[in-house]
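Student: I am new to this structure and would like to go through it with some questions. Please show it first.

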Amino acid sequence: MDKKICVYAISKNEIKFVERWFNSVKEADYICVLDTGSTDGTFEKFKELGVITEQKIYKQFRFDTARNDSLKLVPEDADILVCIDIDEVFESGWAEKIKNNWKESTSRMRYRYTWNFNEDGSEGIVFMADKIHKNKEFTWKHPVHEILVPIKNQNYETIDVPTIQVNHLADVTKSRSSYLPLLELSVKEDPTDDRNMHYLGREYMFHGDYNKAITTLLHHLSLPSAKWDAERSASLRYIANCYSKKEDKENQEKYLLLSILECSNMRESYFQLATFYYEQKDYLKSAFIFEEMLKIKNKELNYISSPVCWGSIPYDYLSLCYFELKKYDKSFYYISQALNFEPNNERLKNNKKIIQNYLKI
């Protein structure tokens, strides 16, 4: 018997995205949306489109409660559940790919997720997301940055299907002011959770509370469960960012060096340290670190991987460094590499002409 797929979501004041989202998920057998208090016609529009929908207004909103309540709308005979937010869209053919790859032993499926796009339309941060799961086997946990956790079976099977593509087309005008108090609540509820401790430290940094950010991020690093080297390295970079804002160059450099030692197989820490040296006009150190960074050829598919490390900018910096060091042949090589990424960039083209004059070619 063919497996039945149910897409489920929560919504609030998403009227401008409703039809785009609906058209991307209508390959599903069922579509369920719990509205959490829309006043712009979102709830009514979903009803008009035939979506299984209810409205529930929360005195104290938290994402895990709302998502678990949205699961209550799912029909009993749905086999595979797909949680996709209203500002996200599937590329067509996704439902067939789920059904073709799903096995009896499968409990969860990961897919390719583009979190943002660059100004030129190219992909920004890309990672494998995991919000496709078997019905009645998972529940949502944490007030914000919520995750799916198994109800009983801890040793479930997850399969990767990178041909399934979801694009995040975020509303940049939407407030994220609720995130900080919800993260504080999350950490209070579970002070041993390393993931949300990391997110809380990052959120303090975003809010400009640098002392709290440093303390929280150091606490994240001290937790026994904080074992993912990429996230630990990111915490160290955020600490460096905080010291930069506090104009403490010594600690900024120290924590950037520590971030490389923590995770030496990703480009992000090298990039940040190299730009730090460039800003200090230490062009030799900057060039050396950029060169080391470029030796890393494997781009990790995780949310920490930054697209800036994989485009023209590292080559641009290297060209500038070598120009300052009067190594014009190397400067010319790297400006040419930068132009391979951005052939129409007028500044890069002008820089190339200047370097050519020094080389007399």
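Student: In which sense does α7 pass α8, in a left-handed or a right-handed crossing?

Tutor: This is a predicted model. In it, the axes of helix α7 (residues 210–222) and helix α8 (residues 229–245) come within 9 Å and cross at roughly 160°. An angle over 145 degrees counts as roughly antiparallel, and α7 and α8 are therefore roughly antiparallel to each other. The crossing of α7 with α8 is left-handed.

Student: How many nonpolar residues does the contact of α7 with α8 have?

Tutor: On the α7 side the contact includes I214, L217 and L221, and on the α8 side L236, I239 and C242 are among the residues met. By class, the contact also has two polar and three charged residues. The nonpolar residues number eleven.

Student: What is the order of the strands in the open sheet of eight strands?

Tutor: The pairing in this sheet is mixed. The edge strands, each pairing on one side only, are β3 (52–55) and β5. From one strand to the next, the twist averages 30°. The order is β3-β2-β1-β4-β7-β6-β10-β5.

Student: Which residue in β10 is the bridge partner of V89?

Tutor: Strand β5 (residues 88–90) and strand β10 (residues 157–168) run antiparallel and are joined by three bridges. Strand β6 (residues 106–114) pairs with β10 in the parallel sense over eight bridges, and there T114 stands opposite N167. For V89, the bridge partner in β10 is N167.

Student: Which residue in β4 is the bridge partner of C6?

Tutor: Strand β1 (residues 5–11) runs parallel to strand β4 (residues 80–83). Four bridges join β1 to β4. The partner of C6 in β4 is L81.

Student: What angle does the direction of helix α4 make with that of β10?

Tutor: Helix α4 (residues 94–101) packs on the sheet, where it touches β1, β4, β5, β6, β7 and β10. Helix α3 (residues 63–71) lies across β1, β2 (30–35), β4 and β7 (126–134), at about 140° to β1. For α4 and β10, the angle is about 175°.

Student: How many residues apart in sequence are the parts that the pair of W21 and F46 ties together?

Tutor: The structure holds 23 aromatic pairs. W21 and F46 form one that is edge-to-face, with 5.6 Å centre to centre and 85° between the planes. W21 lies in helix α1 (residues 18–25) and F46 in helix α2 (residues 42–48), so the parts tied together are apart in sequence by 25 residues.

Methods:
Residues are numbered from 1 along each chain as its sequence is written. This is a predicted model: local features need pLDDT of at least 70, side-chain atom pairs count only at pLDDT 80 or more; totals for chains, interfaces and linings use all residues. Side-chain values use heavy atoms; hydrogens and water are left out. Axes are lines fitted to C-alpha atoms, for helices over the stretch in contact, and angles run from 0 to 180 degrees between N-to-C directions. Helices (H or I, at least four residues) and strands (E, at least two) are DSSP runs, numbered from the N terminus. Angles under 35 degrees count as roughly parallel, over 145 as roughly antiparallel, 65 to 115 as roughly perpendicular and the rest as oblique. A crossing is left-handed if the near helix is turned anticlockwise from the far one by less than a right angle, and right-handed if clockwise. Contact means heavy atoms within 4.5 Å. Ala, Val, Leu, Ile, Met, Phe, Trp, Tyr, Cys and Pro count as nonpolar, Asp, Glu, Lys and Arg as charged, and the others, Gly among them, as polar. Two strands pair if DSSP finds at least two bridges between them. Rings of Phe, Tyr and Trp (its six-membered ring) pair if their centres lie within 6.5 Å; planes under 30 degrees apart count as stacked, over 60 as edge-to-face and the rest as tilted.
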